[in-house]
Amino acid sequence: MNHRALTRRGLLQISVATVGSLSAILATACGAPPTPTPPPQAAAPAAPTQPPAQAATVPTATTAPAAAAKPATTSVPAAAAKPAVGGKKVANVWFNQATQMDSFKANIVDHFHKSQTETQLNAILVPNEDMSTKLTAAIAGGDAPDVVRIGGPALNATFYLKGATMAIDTFDPKIHTYDYVPAIKRAITWKEKVWAMPVNSGSQVLIYNAELYRRAGLDPDKAPTTNEAMIDAATKIRKLGDNFWGQEFSTRPNANTSNLFHGTQFGFGAKEVSGDGRKVLFDEPDHLELFEWYKKNVIDSGIMPIKLMDETSMTNDFATKNLGQYLAYPSRLENAIQALGEQDARTGVLPAGPKGSISPIGFGTLIIPSKAKNPEAGWSFVNFICNDAENNSVWCTAFGQLPPRLSFRESKVFGDYVKRRPQLTPFLDGQRTARVPYFGPAVNQIWTAYAKAVEAVSFGAKAPADALKDAQAEAQAALDKELASGAEPLITN
Amino acid sequence: VSHRAPAIDLPSRATIRSPRAAWRRWASRGALYAFLIAGALVVCLPYVWMISAAFKTPGEIFQTNLIPREPHLDNFRQLFRNYPIDLWLINSFIVSIVVLVSNLVWATSAGYAFARLRFPGRDTIFLIYIGAMMVPIQVRLIPSFILLRELGMLNTLQGIASIQLVEFFCIFLMRQFMLSLPYELEEAARIDGCSYLRLLVQIIVPNVKPALIALGLLSFTASWNNFLWPLVVINNPNVMTIQVGLSSMKGENLNWGVLMAGTAISAIPLAVLYVGLQRLFTQGVVLSGIKG
């Protein structure tokens with residue numbers, strides 16, 4: 001074959017043509033981001049959680065009652081100063097709930113801006129599901145935000161076990177003395193330091209439809225307090241007709257699903273990982289007893305529709321007024337009240353299993369990433385919203401949540417909220433004795449394995465014993481792998 | 001002299017095939033069709049579910065019926081009212097078109113060089129390109145992020161497009177296609193004094209149109225569906241592409257119907273492109289030997 005040699009001139013012509021074309025394309029098409037009409041912010045879909053009307057009119061830090069805890073006045077570690085905007089420091093805040101972003105800006109960001117003039121918040125939406133990927137890349141790439149809102153013990157632990165967050169002790173040495181709900185404090189403390197600032201909390205209760213209770217011949221003022229009474233109520237509601245369902249449990253195979261199953265799990269006394277943090281305990285008899293109870297009383301009895309369900313779909317089903325009851329965290333209360341009205345959306349404490357009623361703790365935190373560009377600006381916001389009772393209550397009432405500190409329940413803002421929402425009382429009762437689910441190494445894999453077992457039993461794919469056996473094997477393998485790679489076990493002895 | 005063989009009166013294939021052989025033929029064909037139909041169902045079902053969910057009410061989403069009981073357009077209304085979906089689509093179009101044009105230019109010129117020109121280190125450079133193809137995006141993520149940060153291109157469309165402007169796979173594809181072209185094409189042109197650039201533009205490019213179509217479609221699709229890189233480099237909702245925008249809708253109170261409406265809309269451009277250019281795309285794939 002005859003190959004032509006590339007002449008210098010030819011190479012030059014090709015190079016100039018390609019580079020020129022590319023430059024022209026880039027210059028014309030990518031010159032600037034498009035700026036059509038300003039987009040609306042991501043807003044809530046059909047049944048959003050509306051912040052209480054009073055949320056925007058609460059006292060600021062300066063007008064808070066004297067009894068309220070004051071924000072800590074502490075020094076912050078030296079950090080590279082970030083260019084200020086109009087004389088203000090800028091803190092980039094990542095918020096993790098798309099449907100609550102508007103409420104976050106309207107109630108929290110504005111409240112902070114009105115209360116001080118030194119720090120400007122730049123609120124950025126990063127959904128929980130994408131948080132891990134995005135935050136890891138941002139920290140590694142040297143462009144970390146200054147504050148991140150994280151939901152739940154598992155995700156919090158995922159970050160601080162990897163050293164991705166700054167210890168709060170650095171900013172606030174008195175952090176260990178605050179009256180946090182014990183389970184929350186347990187979940188954010190590691191190596192005797194606190195790695196995240198709790199900003200809200202929640203426990204699990206039974207939300208039920210009082211109108212369906214009446215129609216089924218049940219007493220709507222008397223919520224079931226045991227698993228047996230709960231199943232009995234669900235069975236009677238199911239008998240109202242083909243379109244009516246007694247109860248729903250979450251069946252999606254992810255870690256969040258098992259989170260919704262913890263309340264029932266704890267009621268059976270079923271522990272997930274051994275005290276030394278090295279052995280998964282899904283093969284213990286308590287778990288088998290729980291799964292067999294679930295299969296017999298929930299699945300085989302026909303009180304629940306067999307389909308993929310998560311917290312959102314259960315909330316939507318409850319809004320149709322054809323579902324009798326389900327277990328949920330407080331952020332769902334407003335949805336229930338909007339759909340059913342004040343009178344018919346009721347709550348009761350988490351029904352007790354053979355070993356009692358123990359709710360899993362739910363909570364959210366604000367963390368300061370370990371490579372935050374401007375941690376002091378970030379801390380000024382964290383300190384403002386987490387260490388002052390009234391300001392913290394603004395947050396909690398805006399999103400329908402509970403304060404993480406017991407004394408903050410006495411704040412004026414939260415006290416008014418409870419008066420308007422008496423359905424919150426069971427949540428507050430459950431919060432005191434709530435337990436934190438396992439949150440150590442391989443936490444997501446372990447809970448996902450458990451949720452897969454729930455799913456398999458729900459859809460009849462496996463018998464309870466087989467489902468738990470598979471979950472045990474999968475979870476133990478994940479834990480062993482993490483421990484072998486140097487992760488420290490979560491010791492709870 | 002006729003070289004034609006004398007005609008023989010042969011029985012037709014049907015008459016020599018025994019009933020058993022015919023049954024076997026029909027059975028094997030039936031099994032093949034059953035297999036293909038099952039495969040098609042597996043591929044199509046997620047799309048059918050997506051379209052179905054886009055027209056369902058929230059309470060009906062996770063029920064097994066594929067045809068909505070009360071089909072409605074509320075999900076689409078909410079989508080356009082509450083989210084800047086038009087902006088996300090425009091951003092995706094801009095990025096994908098830039099990536100497409102860039103890859104066509106680079107892949108054609110570099111593919112031609114690797115296939116038809118001789119220069120020192122050609123095969124070594126090509127091997128390096130092949131090696132680079134094997135490095136997944138996850139490995140390049142952080143270095144690319146740092147590079148972009150230093151260039152001040154985070155949160156820009158340029159930043160999203162930059163990492164995809166020169167795809168080694170596209171260069172590889174064009175090289176393979178150009179290797180199949182007869183050398184006589186360019187030899188005649190070279191004898192007439194044609195320059196390399198003119199040769200490429202006027203002789204080679206018209207003969208590699210099917211490959212360009214295939215390459216363009218693949219490049220556009222990859223850019224349109226790209227999620228990880230835009231997710232990492234974009235914080236500003238005004239610069240989000242459609243895939244990142246859809247992802248940003250997730251969270252508590254997620255309305256699956258609205259999300260599926262957005263997903264269905266995001267799939268329309270690709271569906272139109274593939275259906276419209278199906279014949280040329282298939283031809284390009286066959287001629288350039290793309291597999292998998």
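A polar contact here is a pair of N or O atoms within 3.5 Å; within protein, one of them must be able to donate a hydrogen and the other to accept it, and residues adjacent in sequence count only if both atoms are side-chain atoms. Keep in mind that this is a predicted model, where local features need pLDDT of at least 70, side-chain atom pairs count only at pLDDT 80 or more, and totals for chains, interfaces and linings use all residues. Residues are numbered from 1 along each chain as its sequence is written, chains are lettered from A and ligands numbered from 1 in the order in which they are written, and side-chain values use heavy atoms, with hydrogens and water left out.

**Chain A in outline**

Chain A has 17 helices and 12 strands; these are DSSP runs numbered from the N terminus, with helices being H or I of at least four residues and strands E of at least two. Of its 493 residues, 58% are buried, meaning under 20% relative accessible area, while exposed is over 50% and partly exposed is in between (1.4 Å probe, protein chains only). Take the contacts (heavy atoms within 4.5 Å) between chain A residues at least 6 apart in sequence: 77% of them join residues at least 24 apart.

One of the polar contacts pairs the side chains of A:R405 and A:D179, at 3.3 Å. A:R405 sits in the loop between α13 (389-399) and α14 (412-420) of chain A.

**Three loop residues in chain A**

| Residue | Loop | Relative accessible area |
|---|---|---|
| A:R405 | α13 to α14 | 6%, buried |
| A:E192 | β5 (189-190) to β6 (193-194) | 69%, exposed |
| A:A442 | α15 (425-432) to α16 | 5%, buried |

Most residues other than glycine have a negative phi. A:E192, though not a glycine, has a positive phi of about 65°, and phi of A:A442 is near 65°, also positive in a non-glycine residue.

**Nonpolar cores**

Nonpolar side chains tend to be buried together in soluble globular proteins. A nonpolar core is a set of buried Ala, Val, Leu, Ile, Met, Phe, Trp, Tyr and Cys residues joined through side-chain atoms within 4.5 Å. The largest one has 137 residues, and A:F104, A:Y294, A:F381 and A:W395 have the most contacts inside it. Helix α16 (residues 443-458) of chain A supplies the largest share, nine residues. Leaving out residues up to four places away in sequence, A:F381 touches A:V93, A:F104, A:I108, A:F112, A:L121, A:V147, A:L366 and A:W395. Another core of 47 residues lies apart from the largest one, and B:L148, B:L231, B:V244 and B:L246 are among its members.

**A pocket in chain B**

How much space lies in the second largest pocket? About 570 Å³. A pocket is an open set of points on a 1 Å grid over the protein atoms alone, with protein on both sides within 12 Å along at least five of seven lines, and lining residues have an atom within 4 Å of a point. Its 22 lining residues include B:R140, B:Q164, B:E167, B:F169 and B:A222, the closest to the pocket centre. The largest share of the lining, four residues, comes from α11(B). By type, the lining divides into 14 nonpolar, six polar and two charged residues.

B:E167 lies in the loop between α7 (157-162) and α8 of chain B, and is partly exposed at 29% relative accessibility. B:E167 and B:T124 are 43 residues apart in sequence and 18 Å apart in space, C-alpha to C-alpha.

Note on methods
On a 1 Å grid over the protein atoms alone, a cavity is a set of points where a 1.4 Å probe fits but cannot get out, and a pocket is an open set with protein on both sides within 12 Å along at least five of seven lines; lining residues have an atom within 4 Å of a point. Grid points are joined across faces, edges and corners, and a volume is the space filled by probe spheres set on the points. Ala, Val, Leu, Ile, Met, Phe, Trp, Tyr, Cys and Pro count as nonpolar, Asp, Glu, Lys and Arg as charged, and the others, Gly among them, as polar.
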